[in-house]
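Hi,

Here is the structure I promised to pass on to you. Have a look at it first, and then read my notes underneath.

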Amino acid sequence: RRNKAVLSFFHAIKYESYRHWEETVEKLRLELSQLSIEERAELAYFLIHSLDKEVDKDIDLAWDIQLTQRLEDISSGIVSGEQSDKVFTELRDKYS
């Protein structure tokens, strides 16, 4: 019986903690929704990058190589670029 009571006690604490967390998250949502678009974008950028605790140098190197190759291809005329507004318009039309 004692184990059941202890488990019930910890379950109640866990539930209260979860409820408190939900309330905190909801308050944050309300407050953050009042931020400007620029402020929300900056916050989103910070949060997303805060998920990357360790930088994978191999991935960074791979991206550097890929970007360098793409720039060389554009500069040499092997490939041609498109205007960004044209590309984004086509993407919006396709996926909206």
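**What I found**

Let's start with Lys86: with a relative accessibility of 41%, this residue falls in the partly exposed class. Keep in mind that we are looking at a predicted model.

So who is the partner of Lys86? Its side chain meets that of Glu82 in a salt bridge, at 3.0 Å from N to O. Glu82 itself is exposed, at 51% relative accessible area. If pairs like this are new to you, the idea is simple: side chains of opposite charge can pair when their charged atoms come close.

How many salt bridges does the count come to? The answer is two. In the other one, Arg29 joins Glu26, and their closest N and O atoms are 3.4 Å apart. You'll find both Arg29 and Glu26 in helix α1, which covers residues 2–32. They sit three residues apart in that helix, or about one turn. Arg29 is exposed, with 53% relative accessible area, while Glu26 is partly exposed at 38%.

Now zoom out for a moment. The protein has four helices and zero strands, so if you walk along from the N terminus, the elements read α-α-α-α. Of its 96 residues, 1% count as buried. The accessible surface adds up to about 9800 Å², and carbon and sulfur atoms account for 59% of that.

Next, take a look at helix α3, which runs over residues 57–76. From the first C-alpha to the last, its 20 residues reach 28 Å, close to the 28 Å expected at 1.5 Å a residue. After α3 comes Gly77, with a positive phi near 85 degrees.

Asp73 is the residue in α3 that I'd like you to look at. Is Asp73 buried or exposed? It is buried, and yet it has no salt bridge. The nearest side chain of opposite charge belongs to Arg70, and that is 7.2 Å away. The cut-off for a salt bridge is 4 Å between the nitrogen and the oxygen, so check that distance on your own screen.

What does Asp73 touch, then, if you leave aside its neighbours within four places in sequence? Its contacts are Ile78 and Val79. Val79 lies in the loop between α3 and α4 and is partly exposed, at 39% relative accessible area. Not counting residues up to four places away in sequence, Val79 is in contact with Ile74 as well as Asp73.

One last stop: the surface. Which residues form a nonpolar patch there? They are Val87, Phe88, Leu91 and Tyr95, and together they have about 410 Å² of accessible area. Tyr95 belongs to helix α4, residues 84–95, and is exposed, with a relative accessible area of 62%.

If you want a route for your own tour, try this order:

- the Glu82 and Lys86 salt bridge
- the Arg29 and Glu26 salt bridge in α1
- buried Asp73, which has no salt bridge
- the nonpolar patch that includes Tyr95

Cheers

Notes:
Residues are numbered from 1 along each chain as its sequence is written. This is a predicted model: local features need pLDDT of at least 70, side-chain atom pairs count only at pLDDT 80 or more; totals for chains, interfaces and linings use all residues. Side-chain values use heavy atoms; hydrogens and water are left out. Helices (H or I, at least four residues) and strands (E, at least two) are DSSP runs, numbered from the N terminus. Buried means under 20% relative accessible area, exposed over 50%, partly exposed in between (1.4 Å probe, protein chains only). Accessible areas come from the Shrake-Rupley method with a 1.4 Å probe; for residues, only the protein chains shown count as cover. The expected span of a helix is 1.5 Å times one less than its number of residues. Patches are made of residues with over 30% relative accessible area and no salt bridge: like charges are joined within 9 Å, nonpolar side chains (Val, Leu, Ile, Met, Phe, Trp, Tyr) within 5 Å. Lys and Arg count as positive and Asp and Glu as negative; His and the chain ends are not counted. Contact means heavy atoms within 4.5 Å.
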